[in-house]
Amino acid sequence: MQQLKPPNSLLPFPKIIPLITFPFNSKLSLLTSHFHININSNKPFNKNLISHKLYCSNTQNNEFEAINNDNDPLFSKKIGSFENERSSNNNNNSSKSIWDQMIEIIKFSGPATGLWVCGPLMSLIDTAVIGQGSSIELAALGPGTVLCDYMSYVFMFLSIATSNMVATSLARQDEKQVQHQISILLFVGLSCGVLMLFFTKLYGASALNAFAGAKNVHLVPAGNTYIQIRALAWPAILVGWVAQSASLGMKDSMGPLKALVVASVVNGIGDIVLCMFLGYGIAGAAWATAVSQVIAAYIVIDALNKKGYNGYSLSVPSITELQEIFAIAGPVFVTIVSKVAFFSLIVYCATSMGTHTIAAHQVLNQIFHMCAVWGEPLSQTSQSFMPELLYGANRNLAKARDLLKSLLIIGASVGLVLGIVATSIPWLVPNVFTPDLVVIAEMHTVWIPFFLSLCITPCILSCEGTLLAGRDLKFISLSMSGCFTLGALVLLFVKSQGLGLVGCWTALVGFQWARFFLSLRRILSPDGVLFSEDLSRFKLAEVKAA
């Protein structure tokens, strides 16, 4: 405590004017003319600190004067004015802080949007180009993309684990640990990619045959050609994801974006040349996509090297390190598998409804995922910026809550725009994807559930990204598993009752909104990551995979 003592000139009144004490972190400057009180503290001013008689310092002439506050209405008025002014300043600072956060989010998530858009954009280009030539090959892309793109989403746990671990180590200012984590995760990514290559080569045709069903066996040859060519890029895809996520964990989204822009251009040119000019059809689209993914992996690793890290360094993880990785990756794996399985089940139900229905669903599905990924940068922003606020050196839960508020505001705005734009495409420019009038008519029947399921997606991803950043892994895996279980039952009912494509997309509406309400309720609960003071969930060694 700092003691404010009267000057010698006032010592004749020591018994009349008692000594006052103030908190150590406060600076008191009471000016007799204006009576301003400046306290550098986040705590509200407590006028009980002012005693019966108060000595104050005039900062202009360093003189002390006594102020009598006995029944002084001016004193109470000044204190009240001070408190109101302070409250107003805090509100202004809070508004400014949220606005600054939104600008920072946009600066990071703007380039990051390109990272997520490039992958679906490649598949969307494949869909548009192939749809101009053959409805059968367009329909074959449905099960083909499930075994390529959807299966790749299963390994998103590697991407999430990488950005989470890298961001955490950087928040703790441990550069050496960052390089080591990148090396072991690159090894894990390469190993998983090689395993997927052999799995597709050995069991790809059987998986396609089982997925398409007896009624659509004519789609299997074209679909198998597509997945066998795409499988060659599996190792590059997963290694590239690890390198890309490491850059995002370092809050760098421009480097990976440049790589994927080049890849998208290569894919677009390859599709046009191989499919439209050389007539290779679905095989040409597969080669263009695979080559572009290999190029993207090389460029993103090179970008990581330019930051001072070695993107070609591989380290075999120890048992303990594997436990740490899968402490995060295990629940995330359950979450992603549940989500991928639900979307795959929708494709399965649509496939059983005939060639025109699956073709219509393929177009809508590609548009949906092309637009839905615009919300992924908000999830990545949470995972990159939240760790330092939740458990870094400068832990601040209030700022973390402000960050989530900014993310939800941006997410709601983006979701509304995406919903309107995406819903307009099948009505305004359907011929971009197919000239078949029956397929176009089928797309027009599902515009309401299509809009409702898409517009909430950015907010869902903002909330789930916050849960991942806070490592509330058990909850997010259990909630997603529950949503999948109930959604799967609804889809099976839709299929058995013959409710068509509208029924499938209505089930998706329920799945999406359930995810949003569950995750938001968890975050806002007293035990949520933005309110709880319990740091035990951040100790990876103690986290158990679901």
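Biologist: What makes Asp302 and Lys306 a salt bridge?

Modeller: In this predicted model, the closest N and O atoms of Asp302 and Lys306 are 3.6 Å apart. The cut-off is a Lys or Arg side-chain nitrogen within 4 Å of an Asp or Glu carboxyl oxygen, so the pair qualifies.

Biologist: How do you class Asp302 and Lys306: buried, partly exposed or exposed?

Modeller: They fall into two classes. Asp302 has a relative accessible area of 27%, and partly exposed covers values between 20% and 50%, so Asp302 belongs there. Lys306 reaches 69%; exposed means over 50%, so Lys306 counts as exposed.

Biologist: How many salt bridges does this rule give?

Modeller: The count comes to three. Besides Asp302 with Lys306, there is Glu464 with Arg515, whose closest N and O atoms are 2.9 Å apart, and Arg522 with Asp472, at 2.7 Å from N to O. Both of those distances are within 4 Å, so both pairs meet the definition.

Biologist: Why do you say that the pair of Glu464 and Arg515 ties together parts of the sequence?

Modeller: Glu464 lies in helix α15 (residues 457–469) and Arg515 in helix α17 (residues 500–524), so this bridge joins parts that are 51 residues apart in sequence. Both partners are buried.

Biologist: And where do Arg522 and Asp472 lie?

Modeller: Arg522 is in helix α17, while Asp472 sits in the loop between α15 and α16, so here too the pair ties parts together, 50 residues apart in sequence. Arg522 is partly exposed at 25% relative accessible area. Asp472, at 6%, counts as buried, because buried means under 20%.

Biologist: Turning to the helices, what makes you call α5 mostly covered?

Modeller: Eight of the eleven residues in α5 (residues 220–230) are buried. Among them are Val220, Tyr226, Ile227 and Ile229, and the list also includes Gln228 and Arg230.

Biologist: Which residues form the nonpolar patch on the surface?

Modeller: The patch is made of Val261, Val265, Ile269, Ile272, Val273, Met276, Phe277, Leu278 and Tyr280, with about 910 Å² of accessible area together. Take Val265, found in helix α7 (residues 254–277). Its relative accessibility is 46%, and patch members need over 30%, so Val265 passes that test. That value is still not over 50%, so Val265 counts as partly exposed.

Biologist: Now the aromatics: what makes the pair of Phe157 and Phe333 edge-to-face?

Modeller: Two values settle this. The rings are 5.6 Å apart, centre to centre, and the cut-off is 6.5 Å, so they pair. The angle between the planes is 85°; over 60 degrees counts as edge-to-face, so that is the class. Phe157 lies in helix α3 (residues 156–171) and Phe333 in helix α9 (residues 319–351), so the pair ties together parts that are 176 residues apart in sequence. Phe157 is buried at 6%, whereas Phe333 is partly exposed at 35%.

Biologist: How many aromatic pairs does a search of the whole structure find?

Modeller: It finds 14. Ring pairs also link Phe342, Phe343, Phe368, Phe450, Trp505 and Phe511 into a cluster.

Biologist: How do you know whether Cys459 is in a disulfide or in none?

Modeller: The nearest cysteine sulfur to that of Cys459 belongs to Cys463 and is 6.9 Å away. A disulfide needs the two sulfur atoms within 2.5 Å, so Cys459 is in none. The structure as a whole holds zero disulfides. Cys459 is buried, at 7% relative accessibility, and Cys148 is buried too, at 5%.

Biologist: Why is Thr381 called buried or exposed?

Modeller: Thr381 has 0% relative accessibility; buried means under 20%, so Thr381 is buried. Thr381 is found in helix α11 (residues 376–391). Its C-alpha is 8.5 Å from that of Leu407, although the two are 26 residues apart in sequence.

Biologist: What about the protein chain overall: how many helices and strands are there?

Modeller: There are 17 helices and four strands. Of the 546 residues, 55% are buried. Among contacts with a separation of 6 or more, 79% involve residues 24 or more positions apart. The chain exposes about 24300 Å², with carbon and sulfur atoms supplying 63% of that area.

Terms used:
Residues numbered from 1 in each chain as written. Predicted model: local features only at pLDDT ≥ 70, side-chain atom pairs only at ≥ 80, totals over all residues. Heavy atoms only, no water. Buried < 20%, exposed > 50% of the residue type's maximum accessible area, 1.4 Å probe, protein only. Helix = DSSP H or I, 4+ residues; strand = E, 2+ residues; numbered from the N terminus. Patch = residues over 30% accessible without salt bridge, like charges linked within 9 Å, V, L, I, M, F, W, Y side chains within 5 Å. Areas by Shrake-Rupley, 256 points an atom, 1.4 Å probe, with all protein chains shown as cover. Phe/Tyr/Trp six-rings, centres within 6.5 Å; stacked < 30°, edge-to-face > 60°. Contact = heavy atoms within 4.5 Å.
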